[in-house]
Amino acid sequence: MAEVVEAGLAGLWGLVAGSALLLGAALGYGLRVPQKVIATVMAFGAGVLISAVSFELVGEAYEEAGLAPAAVGTLIGAVAYTGGNVWLARRGARHRKRSGGASAQAQPSEAEQGGSGTALALGALLDGVPESAVIGVSLLDGGAVSLVTVAAVFISNVPEGLSSSAGMKKAGRTKRYVFGVWAAIAAASTVSAVLGYTVVGSFSPAVIAAVTAVAAGAILAMIADTMIPEAFNDAHLAIGLITVSGFLVSFALSHT
């Protein structure tokens with residue numbers, strides 16, 4: 001019975017984090033958000049996630065199992081994410097986090113590249129699953145979810161949904177498509193968190209640490225490939241400072 005309750009909690013926290021994508025999508029689709037604002041919130045979200053990956057994921061994997069599993073797991077996660085991302089990029093999902101401010105880096109419409117709508121949806125799933133899975137895995141450590149991890153994913157999901165949905169709108173995607181995609185990703189976040197708890201929980205501590213590191217590697221690759229380019233696309237002089245501010249906010253949360 002306790003296992004069912006814990007799995008339910010993992011799903012609930014995954015849904016909370018995933019719901020931020022819907023919030024960001026509503027802002028990005030319903031409002032005309034200036035490019036510099038999008039760049040600012042994306043930079044802040046990137047800083048938050050970088051800190052969470054460093055101290056909540058890779059750091060804990062190292063403490064639990066040592067350098068080798070942490071390093072190998074992180075590299076495997078980065079390789080797996082990059083491979084999936086390359087495959088999707090060739091099908092129209094290369095600029096899925098872009099808001100469409102620069103025409104050369106805008107999301108393609110279905111007329112411009114057939115199947116790009118499906119590729120965009122799969123890309124959003126690729127980005128969201130590792131973040132949500134680590135929420136469920138964090139419950140394995142003492143039975144309490146890592147609120148820092150949840151907060152980091154939630155904070156970063158808002159600008160991700162905002163920028164991507166703005167780009168989808170400019171590419172001619174319908175409201176039904178945009179919110180259907182993000183609702184599905186929010187649901188997938190719930191399932192991923194549950195699976196992170198139930199499936200990974202049966203493994204040894206060393207394997208759990210390696211799986212955590214795999215998720216960290218995928219998230220870090222995602223930050224570098226999809227978030228930072230959008231954050232610095234319309235760069236202004238404060239972008240670096242804002243990224244550091246996001247990093248410090250997450251760092252402070254992890255040490256309180």
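## Ground rules

Partly exposed here covers the range between buried, under 20% relative accessible area, and exposed, over 50%. Keep in mind that this is a predicted model. Phe179 comes out at 24% relative accessibility, so this residue counts as partly exposed.

## Tyr29 and Phe179

Let's start with the aromatic pairs. There are three of them by the ring-centre rule. One is Tyr29 with Phe179: the ring centres are 5.8 Å apart and the planes sit at 70°, so this is an edge-to-face pair. It bridges distant parts of the chain, with Tyr29 coming from helix α1 (residues 2-30) and Phe179 from helix α6 (residues 175-198), 150 residues apart.

How buried or exposed is Tyr29? Tyr29 has 13% relative accessibility, so it falls in the buried class, while its partner Phe179 is partly exposed. Tyr29 also has a charge for company: the charged end of Lys169 sits over its ring, 5.1 Å from the centre.

## The phenylalanine cluster

Now for another edge-to-face pair, Phe55 and Phe251. Their ring centres are 4.9 Å apart, and the planes are at 65°, which is over the 60-degree mark, so edge-to-face is the label. This pair, too, ties together distant parts of the chain. Phe55 belongs to helix α2 (residues 35-65) and Phe251 to helix α8 (residues 239-254), with 196 residues separating them.

Both partners are partly exposed: Phe55 has a relative accessible area of 33%, and Phe251 has 31%. Which residues make up the cluster linked by ring pairs? Phe55 and Phe251 are joined in it by Phe247.

## Another charge over a ring

Arg173 and Tyr177 give a further case of a charge over an aromatic ring. Here the charged end belongs to Arg173, and it sits over the Tyr177 ring, 5.5 Å from the ring centre.

## Asp127 and its surroundings

Away from the aromatics, have a look at Asp127, which is part of helix α4 (residues 116-138). Its relative accessible area is just 3%, and the buried class takes anything under 20%, so Asp127 is buried.

What does the side chain of Asp127 join up with through a polar contact? The partner is the side chain of Arg96, at 2.9 Å. If you set aside neighbours within four places in sequence, Asp127 is in contact with Arg96, Lys97, Tyr81 and Met222. Arg96 therefore turns up twice for this buried residue, in the contact list and as the polar partner.

Notes:
Residues are numbered from 1 along each chain as its sequence is written. This is a predicted model: local features need pLDDT of at least 70, side-chain atom pairs count only at pLDDT 80 or more; totals for chains, interfaces and linings use all residues. Side-chain values use heavy atoms; hydrogens and water are left out. Rings of Phe, Tyr and Trp (its six-membered ring) pair if their centres lie within 6.5 Å; planes under 30 degrees apart count as stacked, over 60 as edge-to-face and the rest as tilted. Helices (H or I, at least four residues) and strands (E, at least two) are DSSP runs, numbered from the N terminus. Buried means under 20% relative accessible area, exposed over 50%, partly exposed in between (1.4 Å probe, protein chains only). A charge sits over a ring if NZ of Lys or CZ of Arg is within 6 Å of the ring centre and within 35 degrees of the ring normal. A polar contact is a pair of N or O atoms within 3.5 Å; within protein, one must be able to donate a hydrogen and the other to accept it, and residues adjacent in sequence count only if both atoms are side-chain atoms. Contact means heavy atoms within 4.5 Å.
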